[in-house]
Amino acid sequence: MIICKKIILLVLICTAFILNSCREEIVPPGNPAGNINEPVQESYIDYYTFKINASNITFSKIDYTYFNATTNYLSFSLLDHKSGHVDLEIWSRNNVIIYSTRFTKDFSRTIITIDGNVPELIRIKLNDFTGKVSIELSRY
């Protein structure tokens, strides 16, 4: 009888612990929605992505890519822009800027083709930036 009471008590405690420790709003991996000022990035052969949900952040980042193709897609968007700007530069293996732009206002997903050069590195600069930016570079 005492063992039965202990088992029931243990089950009740475990159930209470599990129910109280679960989060109601779980942010899936790769989704920067709940992570303020924490960039999420992935870099593989012929694929690179950078996302951030930023609040008044200033920083600069240079990432080397692992691209072999000379024809690639560049996709980007800026949502919920409140302040500041984002500078994006893509450099070739010959240390030549093959694409450069500045984001200063909201826009939905834009896709362009980068043709004739292999992307070697990506430079992203955020200057007193508040908003959500997404940048993706992938093979054509």
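Pro119 is buried in this predicted model, because its relative accessibility is 1%, below the 20% cut-off used for burial. The residue sits in strand β6, which spans residues 119-139. Around Pro119, leaving aside residues up to four places away in sequence, the contacts are Thr65, Phe67, Ala69, Asn72, Ile90, Trp91, Ile98 and Leu137. One of these partners, Ile90, deserves a closer look: Pro119 and Ile90 are 29 residues apart along the chain, and their C-alpha atoms are separated by 6.4 Å.

Strand β6 also takes part in the largest nonpolar core, to which it contributes 7 residues, the largest share. This core has 22 residues in total. Besides β6, the strands β2 (47-64) and β3 (71-92) each supply at least two residues of the core. Within the core, Ile124 and Ile135 touch the most other members. For Ile124, the contacts beyond four places in sequence can be listed in chain order: Tyr48, Phe50, Phe59, Ser60 and Lys61 come before Val86, Asp87 and Leu88, and Ile135 completes the set. The two residues that touch the most other core members, Ile124 and Ile135, are thus also in contact with each other.

At the other end of the accessibility range, Ile3 offers a contrast. Ile3 is exposed, because its relative accessible area of 65% lies over the 50% cut-off. It belongs to helix α1, which covers residues 2-21. Together with Ile7 and Val11, Ile3 makes a nonpolar surface patch of about 310 Å².

These local pictures can be placed in the chain as a whole. The secondary structure amounts to 1 helix and 6 strands, and the order from the N terminus is α-β-β-β-β-β-β. Of the 140 residues in the chain, 30% are buried. The accessible surface comes to about 9000 Å², and carbon and sulfur atoms account for 55% of that area. Contacts across the sequence can be summarised too: among those between residues at least 6 apart in sequence, 69% join residues at least 24 apart. The pair formed by Pro119 and Ile90, at 29 residues apart along the chain, gives a handy example to look up in the structure.

Definitions and conventions. Residues numbered from 1 in each chain as written. Predicted model: local features only at pLDDT ≥ 70, side-chain atom pairs only at ≥ 80, totals over all residues. Heavy atoms only, no water. Core = buried A, V, L, I, M, F, W, Y, C linked by side-chain atoms within 4.5 Å. Buried < 20%, exposed > 50% of the residue type's maximum accessible area, 1.4 Å probe, protein only. Helix = DSSP H or I, 4+ residues; strand = E, 2+ residues; numbered from the N terminus. Contact = heavy atoms within 4.5 Å. Patch = residues over 30% accessible without salt bridge, like charges linked within 9 Å, V, L, I, M, F, W, Y side chains within 5 Å. Areas by Shrake-Rupley, 256 points an atom, 1.4 Å probe, with all protein chains shown as cover. Salt bridge = Lys/Arg side-chain N within 4 Å of Asp/Glu carboxyl O.
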